[in-house]
There are 6 protein chains.
Amino acid sequence: MTIYIVNPNSSQHVTEGIDHAVDPMRAASPVPIEARTLIEGPPGIETQAHVDGVVAPILAHCAKLENQASAFVVACYSDPGLAALREQSNHPVLGIAEASILTAMTLGQRFGIVSILSKSVPRHMRYVGAMGVMDRLAGDQPLELSVLELSDKTRTFERLKTVGSSLRDGVMADVLILGCAGMTAFRADLEAYLGIPVVEPCQAAAAMAIGRVALQKTR
Amino acid sequence: MTIYIVNPNSSQHVTEGIDHAVDPMRAASPVPIEARTLIEGPPGIETQAHVDGVVAPILAHCAKLENQASAFVVACYSDPGLAALREQSNHPVLGIAEASILTAMTLGQRFGIVSILSKSVPRHMRYVGAMGVMDRLAGDQPLELSVLELSDKTRTFERLKTVGSSLRDGVMADVLILGCAGMTAFRADLEAYLGIPVVEPCQAAAAMAIGRVALQKTR
Amino acid sequence: MTIYIVNPNSSQHVTEGIDHAVDPMRAASPVPIEARTLIEGPPGIETQAHVDGVVAPILAHCAKLENQASAFVVACYSDPGLAALREQSNHPVLGIAEASILTAMTLGQRFGIVSILSKSVPRHMRYVGAMGVMDRLAGDQPLELSVLELSDKTRTFERLKTVGSSLRDGVMADVLILGCAGMTAFRADLEAYLGIPVVEPCQAAAAMAIGRVALQKTR
Amino acid sequence: MTIYIVNPNSSQHVTEGIDHAVDPMRAASPVPIEARTLIEGPPGIETQAHVDGVVAPILAHCAKLENQASAFVVACYSDPGLAALREQSNHPVLGIAEASILTAMTLGQRFGIVSILSKSVPRHMRYVGAMGVMDRLAGDQPLELSVLELSDKTRTFERLKTVGSSLRDGVMADVLILGCAGMTAFRADLEAYLGIPVVEPCQAAAAMAIGRVALQKTR
Amino acid sequence: MTIYIVNPNSSQHVTEGIDHAVDPMRAASPVPIEARTLIEGPPGIETQAHVDGVVAPILAHCAKLENQASAFVVACYSDPGLAALREQSNHPVLGIAEASILTAMTLGQRFGIVSILSKSVPRHMRYVGAMGVMDRLAGDQPLELSVLELSDKTRTFERLKTVGSSLRDGVMADVLILGCAGMTAFRADLEAYLGIPVVEPCQAAAAMAIGRVALQKTR
Amino acid sequence: MTIYIVNPNSSQHVTEGIDHAVDPMRAASPVPIEARTLIEGPPGIETQAHVDGVVAPILAHCAKLENQASAFVVACYSDPGLAALREQSNHPVLGIAEASILTAMTLGQRFGIVSILSKSVPRHMRYVGAMGVMDRLAGDQPLELSVLELSDKTRTFERLKTVGSSLRDGVMADVLILGCAGMTAFRADLEAYLGIPVVEPCQAAAAMAIGRVALQKTR
C-alpha cells in the first residue's frame, strides 16, 4: 500500500522536485510514498482549461492505483479533480492547496499565498472562497513567472524574497504558502530569509496523508 | 450572431425544456437564441466527475461556435467550464447557477436553492462560497429526484411544493432558485403556489445574456 | 412601454451623460430607454441626507410613470430608494450600484470601486455589506472630486488613472466599477489604459433592465 | 442639555411606552431623558418607504434641538436617518437597532431578533449585513403583528413566547432583541419566561447614550 | 521522542478512553504516542473558568516534557492553552477542536458539532469565529450531558443518535464532530448509524500530529 | 456600589493612566469608578501565556468585590477572562477590546487597531474573528513598542502618528482604536493630528459600563 502523489502536469522535473521534497518524510511514513507524473497533463497548469482538462486523466490514473493505494495526493495548487476523486476513491484524498491552507491555519493567523502568475490569483480566490476561509487570507501575490520559468533558480528566489516580503510587511501575513508544486526547492531558504513559517504544499499534503493513513487504522 | 445556450447533458428533452422556457424571450432579444445539446455529455450531470468531465467538450463545442456567437450560456446548475470558457471566448459567457443567484439577489434578501439530490448540495455550497455570497443563502434542500426522475411531473411538483415550503418557512428564504436546468416547466406554478419569486435559472441567464449583448454595443 | 433611468440629482448634464452612455444599447433594446432628471434633487448626491432626501421624490416621480414603464433604473451610486421603489412598483427595478456590482462579479473575482469622495466610501461599505458581497471587494478609493468637478475632464481622467492603478496594483482588483453616474465618458479610455474590465454602472443597469424586460415575457 | 429619544412614528402611545421603559434609568443619567413623537411620521413604520420618508423630518426635528441636546436616539428598529443625523449633529447619535445589536453582542454569542412583520425581515437582514455582524445572527422571526396590533397585550405576549422559543430552541439564539420600539412592556416577562437575556432596544440605546454623554466629558 | 496527548481534565477514565482511541494508530506512528492526565485539572472542563484555569498547568506540564517531545496535543474540545503552548514549545502543537474541524473540512462541506452542554456552544462559536470558518459550520447542538454523565453509554448513544440526526437532517451537516474528548467510544457506531463521516477529535489530532512529526523531518 | 476597572498588569503607572483617563467621566457616573491594579499580573501583558495566566487572579480579585460592585471592566486589550468573569458575576462585565470595537462601530465604518507589538496582532485577529466583526476591520498595525517603552512619550507619539496615518491612508480606516490600556494619554492629540475619531478603550468601556449601570435599573 502506497501514498501516491500525482503531479498532474507532465513536467518530469516538477515530479522530481516533489519526490525530493517529500524524501525526508519517508522514514516517518508507515507506507511508501511515490510521486508520479500524469503524462497526459500539460507541461504546466496555468489556465482554468488546464485545471479542468486534467481531471478525467487524474481519475483514470488513480482508478488503476486504487487497489494498491493508501491515500492520494493531487499535487497542483488548483487541486484539480479533488472533489471528483473523493467521490471515486475509498481512500483518503488530499489536495496540496487545501492541505497547505489547513496547515498554514495552524502555523499563523493570516496566510499569504505566493502565486506563479497573476492569472492564477482569481482561481485561487474562488478556491479560498469555496473553502470558506477568506477571513484568514492576508493576500495572494504573483511572482509573474511561469512554471517553466521557475527553473531559473536565482531569478525565482529573488522574486520569492520580494513577493514574500510584500506579503509579510504589506498585508501582514504571518505564514506563507508556496502556491505551486514547482517551488519545492525554495521553502527552507525563504523561511530563513523572511523569519515566518513557509509552507511547501506537497510536503504539507504528504504529511497530512501520512496522518490519514494512521487514522484509517481506527476504522 | 446568436446567443447559444449549451445544455451539457445529452438529454434532448432537457434541451427542449430549456428551449421552451426561453421561447417567450425571443421577441425581446436582439439576436436569435438557440438551445443546444452537448451530445458528449452524460444523460444527467449528477456527480463532480460529470461536472469536470464535460468541460473539455463544452470548450470544443463553443470554440466552433465562437465566430457566430453573441454570447454563451452554460445550462447546468454546476456551471461546468464557466471560468474556462470565459478565458477562451471573446463574448459574454454566463452560467445558469451564477446568473440565477445574481438575479435572485435583486428579488429577495435570502435565496433558497431547490436541488435535485442531496449529493448536489456540497457542490453548490462550494460554489456559493466561491461566489462570496454565503450570507445571502437561506438554505439548499434537495428533492431527492434524479434528472431523469424529474420527468414524472406530478411527483416532481409535489416535492417542489414540499421543499419550497420548507425553504420559505423553515429557513426564511424570500426568493427561490430551481437548482437544475430540468425544472423549467414548474417555475410559474411553484411561484403561484408559494407566493414568493421563483427563479428559473435558464431564463435568468438568457435574460442576462440579452442584456450583455446590448451592453457589448457600447464597446 | 419604456425603461426609465432616473437620475436623482438635478444636474441635467449628468442626465445627458447617462443618455449618451446608453445610446448604443437602444438598438438592442425591445423598448425605448429614457433618461430623466429628478428636478427636486440636489446638483450632486454627496451626503447621506442627499441620499435619503431624494427617496420620496423618486417614488413620486416613478409612481406617475408606472403605467407606461417596462422597468426603472435608479441612477445614483448610492441606489437611493431602491428597496422602497421595489415595494411600490410592479416592474423590474434596478439600481446602478447593485447592478454594476453584480455585473462586475461576472467579469472578475475582486472588484474595485472608484468613488468620487472619501466621504462616499463608508456609505458604499454599508451597501456592499448589506449586499453580502464584502469578500469580493478589493477596495474602494476616492478621486476626491465632487460631482461638479468631474466635468474637468483632463483632471478627472488623470485621477481615474491614478486611483484605478492603485486599485489594480495595490489591492489586486481585477475589475473596476466607476462609482458615480457622472463618469460615463471615461469608461472605455480607462479600460484601455488599465487593461482590466471597467464597468460603467448606468450601462450595466440598463443592460440588466433590458434583460429583465425580456424575462418579464415569460410571466 | 438632554438626551432626546425621537420616536419617528406618530403614535403617541408608542412614545409613552418608550418614556415608561427608560424611566428607571433617569436617576442614573447625568442629563434629562426626553422621549418625543415625530408628528410628521406614519402611525407605524412598516415599509421601506416609511423608513426613508421620515429621514427628512427627523433631521429637521433634531436640527432644532441641536443646541440643547446631549445626544440623540432614533427610536425605530430600522434606524431611519441614523447615518444622516450623524453627519448633521455634533452630538452622539444612536439608533435602537444598532445599539441593541451591539448590546446583545455582549450578552450572548448568537442573537435572535423578534420582528413585527415578515416584511420587516429583509430590511433587517440588509442592516445586519451593513453592520457586518451576520455571523452573530441566529435568526430573525416575525410575530406577524402590525405596530398597532401590538397593543393587544395578551395576543402579543403569546406570540412573543412562541417566536422567542423558536429562536432559542430552533436556531440556538442565546440572547433576544425585541425588534420594534413598540414592545417595551414585554421585556422583563419574556426574559423570565425564556430564561435568556432579552434586550429592549430603546433601553439599550438610552443606556449607551448615557455612557456617551459621560464619554463626551473626556473631550 | 514522543507525541504527548494531554487530557487537561483529571478524569483518568477520559485519558484511558483517549489512549484506547488512538491505540490502533500507534503501529503507523514514527514515534510513541502517550496520553497523559493533567492532575491539576477539574474532573471535566465545562466552564470558561475551567478552560482558562488549566492553561498554566498545561504549560508547566508540557515544559517538563519539551525535551522528549515530538509534538503535543491538547485534548479538550475548547483547546485550552493552544496559542500559549505554541508560543512556548518548539514542537508542533495541535488542539483537538482545531484539528477536528480542519479534518472535517476535508471530509464534508458543512460540519456539525455535537456538544456536551448548551453552555459549551457559545464558547465553541467564539472559537469557530476565531478560526474564521463560520461559513462551514452547519450547527452545534448539545447532548445536555456532563462529562461524567457520558459514562452512561446507553443514554449517551441514544442522545448521540438524536442530536446527530438533527444535525444531519435539520441543518444539513454532511460531516459530524464529537465535541468532547469523552465520546471516543461512540465514533464508529455513530458513523454507521448516521451514514455520514464522524470525526473523533483526539484521533484527528493524533493523526495530524503524526503527519507533523513526519513534516518536521524536512526541516 | 462601584464600577471597578481592573488593570490586569502590575504596572501601577498604567493603572494611574487609566484612572486619569476616566476621571472626567466621574461627574457623569451614577456610581464611583475605581481603577485597580492586579498585583499578581506581569508588568505588561504581551504574550498569550500572560493573557491566560491572569484569568484566575482576575476572577479571584473580582469575586471579593462582587458584593460592592455595580460593574466590572477588564482593562487589557486582550480582554483576559472576560467570558469567565461573565459566568462568575451577576453584574455587567465589559472588556476594553470588545467595548472599544463596539464603540468604534458607531463612529466609523472601518476601524483600525494600533497594537503595541506585532506579536499582539494574531491574538487580536482571533478576537475580532470570535466577535464576528472581521468585515469591519480595516487593519491592525503595531507600534513595535512594549508596554514599558510606551512611557517614552515623544517616541510613542511619533510612532502613533506614523502607524495611525498608515491605517487611515493605507487601509482606509475611518476610526482608530488604541490597542493597549497604556496609551490613554495620547488619544486627544492623535485624534487632532489625524482628523478621524480615535477611541481610547478604557474610556469606551467605562462609558459603556456607566450605561449598563443605568440599564440595570430597569431590571
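1. Two strands count as paired if DSSP finds at least two bridges between them. In this predicted model, strand β3 (residues 69–74) of chain B and β4(B) pair in the parallel sense over 3 bridges. One residue to look at here is B:Val73, whose bridge partner in β4(B) is B:Leu94.

2. The wider sheet in chain B is open and has 4 strands. Their order is β2-β1-β3-β4, with parallel pairing. The edges are β2 (33–37) and β4 (93–95) of chain B, each pairing on one side only. On average, neighbouring strands of this sheet are turned by 25° against each other, direction ignored.

3. Next, the helix over the sheet. Helix α1 (residues 12–22) of chain B lies across β1 (2–7) and β2 of chain B. Helix α1 of chain B runs at about 170° to β2(B).

4. How do chains A and B relate? A turn of 180° and a shift of 0.0 Å along the axis lay chain B on chain A, with an RMSD of 0.0 Å. That is the relation of a two-fold axis. In chain B, the C-alpha nearest the axis belongs to B:Ala130, 2.1 Å from it. The same surface serves both copies, as 100% of the contact residues of chain B recur in chain A.

5. Now chain E. E:Ala130 sits in helix α6 (residues 121–131) of chain E. E:Ala130 is buried, at 12% relative accessible area; the cut-off is under 20%. Leaving out residues up to four places away in sequence, E:Ala130 touches A:Gln109, A:Arg136, F:Arg126, F:Gly129 and F:Ala130. E:Val114 lies 16 residues from E:Ala130 in sequence and 19 Å from E:Ala130 in space, C-alpha to C-alpha.

Technical notes:
Residues are numbered from 1 along each chain as its sequence is written. Chains are lettered from A and ligands numbered from 1 in the order in which they are written. This is a predicted model: local features need pLDDT of at least 70, side-chain atom pairs count only at pLDDT 80 or more; totals for chains, interfaces and linings use all residues. Side-chain values use heavy atoms; hydrogens and water are left out. Copies are superposed by least squares on the C-alpha atoms of residues with pLDDT of at least 70 in both. Contact means heavy atoms within 4.5 Å. Helices (H or I, at least four residues) and strands (E, at least two) are DSSP runs, numbered from the N terminus. Buried means under 20% relative accessible area, exposed over 50%, partly exposed in between (1.4 Å probe, protein chains only). Axes are lines fitted to C-alpha atoms, for helices over the stretch in contact, and angles run from 0 to 180 degrees between N-to-C directions.
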